[in-house]
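Visitor: I should like to take a close look at the site where the ligand is held. Please describe the surroundings of the ligand in detail, and then relate them to other parts of the structure.

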Amino acid sequence: MIKTGDSVSYVVPCLFGLEGLVADECKRINMQNVRAEDGRVLFSGSLADCAKANLALRCGERVLILVGSFEAESFDALFEGVRRLNWEDWLPKDAAFPVTGYSLDSALFSVPDCQRIIKKAVAERMKTRYRLEVFPETGAAYKIRFAIRKNQVSLMLDSSGTALHKRGYRPAHTEAALRETLAAAMVKLARYRGKGDFCDPFCGSGTIAIEAALAALNRAPGLNRSFAAEKWRYFDPQIWQDAREEARAAEYRGEYRIFASDIDPEAVRIARENAERAGVTEYIDFSVADATAFTRETERGVIVTNPPYGERLLDLQQAEEIYRRFGKALAGKGGWSVYLLSSDPEFERCFGRIADKKRKLYNGMIKCDLYMYFK
Ligand SMILES: C[S@@+](CC[C@H](N)C(=O)[O-])C[C@H]1O[C@@H](n2cnc3c(N)ncnc32)[C@H](O)[C@@H]1O
């Protein structure tokens, strides 16, 4: 079995477009050999680093342990490749080991077949090592994830369990809520670190404002939840306790000026509840307000926001009218920088200004641009 001091390879999958940000986060928490690839970031570290990364990463989706990788273009090669890996180092006799994954641009494209073969190959390997014919799978879950890209197979163990974007503060959400990892990325791209005014005038369930508060406080986003690997045999519970204590000790204290508003009183009520659960209510000033009549007494600050999308034609016309009126309300407020996420290719025309910079991001399956106006 793997031991506390051993060096382990990790993979952090993330939304497309966020690789650079996730790599920066990994470097900031002192992970080794950090490397960004399409849709994921790799690094190496100890088991203690696994706990640290799970608690600290704001923009990554999961922390996976890389058990091995190899090339495979046939089911036989897949079976052999999986069987050769030292699963007995990672899975105890009673482990429950469900298998999930995906395949992209590869000869092996049937995910259910790959799933079945990987499961069989892991069991085969364990049979010879543990001298068992049948595995009860009655113990903790050691979820196996596979990724096949261009015939290159990666086999991983999911140390996070529930995805990291589920921080535990948003059981209630309004429709079209932004994924927490994407909201955190927008806050990072806007370079908000607790200084000056921060505002989300289309706050919905409050995700962006809550992520801004967590970032300003330097609060680890995973502090209010648990992780699958906490139940794994080779993780000394002390590792998790130390990581949590270290994270708490690194928090800042300050007075922040974070404003969140929405035209819908129900959304504001839900946002307040979410902020309460996240423990950041005292840092966010919530109100019901129409963003197209945007006013603030301060002359400068940063707006990070995600106005309504128009999924259907009628909604699109309404959304574009909101962009137009919001653009007019901001005209002459040159002290405010704006970071706005929209999937509408006509956004700039409606808003009335060409962005200083654009960045492609994905909100789930929806391709969006983050329109950045630096002032
Ligand atoms: C895409 S949602 C925002 C989702 C949010 N980022 C979240 O994570 O929950 C857009 C929000 O804009 C609000 N909205 C629509 N028109 C508005 C207006 N004129 N002023 C303020 N808010 C408005 C809607 O009520 C909705 O909550």
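Guide: In this predicted model, a backbone N or O atom of Leu-178 lies 2.9 Å from an oxygen atom of the ligand. Two aspartates also approach the ligand through polar side-chain atoms: that of Asp-262 lies 2.7 Å from a ligand oxygen atom, while that of Asp-290 lies 2.9 Å from a ligand nitrogen atom. On its own the ligand has 600 Å² of accessible area, and the protein covers 89% of this.

The ligand is surrounded by 20 residues, and the closest are Ser-205, Thr-207, Asp-262, Asp-290 and Ala-291. By character, this shell divides into 12 nonpolar, 5 polar and 3 charged residues.

Beyond the ligand, the nonpolar cores may be considered. The largest has 109 residues, and Trp-87 and Leu-157 have the most contacts inside it. Helix α4, residues 111-130, gives the most to this core, with 8 residues. Apart from this core lies another, of 20 residues, including Phe-202, Phe-294, Leu-330 and Cys-350. To return to Leu-157, its contacts beyond four places in sequence include Val-63, Leu-64, Ile-65 and Val-67, as well as Trp-87, Trp-90 and Leu-91. Tyr-142, Lys-143, Ile-144, Trp-232 and Tyr-234 are also in contact with Leu-157.

Helix α2 offers a further view of the packing. This helix spans residues 47-56 and is largely enclosed by the rest of the structure, because 7 of its 10 residues are buried. The buried residues are Leu-47, Asp-49, Cys-50, Ala-51, Ala-53, Asn-54 and Leu-55. They pack against β1 (8-13), β3 (40-45) and α7 (237-249). The N-terminal end of α2 is capped by Ser-46, with a side-chain oxygen 3.3 Å from the backbone nitrogen of Ala-48.

A second serine, Ser-342, belongs to strand β12, which comprises residues 336-342. Ser-342 has 1% relative accessibility and therefore counts as buried, the cut-off being under 20%. Its side chain makes a polar contact of 3.3 Å with the side chain of Tyr-323. A polar atom of the Ser-342 side chain also lies 3.1 Å from the backbone nitrogen of Asp-344. Beyond four places in sequence, Ser-342 is in contact with Tyr-309, Tyr-323, Phe-347, Cys-368, Asp-369 and Tyr-371.

Notes:
Residues are numbered from 1 along each chain as its sequence is written. This is a predicted model: local features need pLDDT of at least 70, side-chain atom pairs count only at pLDDT 80 or more; totals for chains, interfaces and linings use all residues. Side-chain values use heavy atoms; hydrogens and water are left out. Buried means under 20% relative accessible area, exposed over 50%, partly exposed in between (1.4 Å probe, protein chains only). Helices (H or I, at least four residues) and strands (E, at least two) are DSSP runs, numbered from the N terminus. Contact means heavy atoms within 4.5 Å. A polar contact is a pair of N or O atoms within 3.5 Å; within protein, one must be able to donate a hydrogen and the other to accept it, and residues adjacent in sequence count only if both atoms are side-chain atoms. A residue is near a molecule or strand if one of its heavy atoms lies within 4 Å of it. Accessible areas come from the Shrake-Rupley method with a 1.4 Å probe; for residues, only the protein chains shown count as cover. Ala, Val, Leu, Ile, Met, Phe, Trp, Tyr, Cys and Pro count as nonpolar, Asp, Glu, Lys and Arg as charged, and the others, Gly among them, as polar. A nonpolar core is a set of buried Ala, Val, Leu, Ile, Met, Phe, Trp, Tyr and Cys residues joined through side-chain atoms within 4.5 Å.
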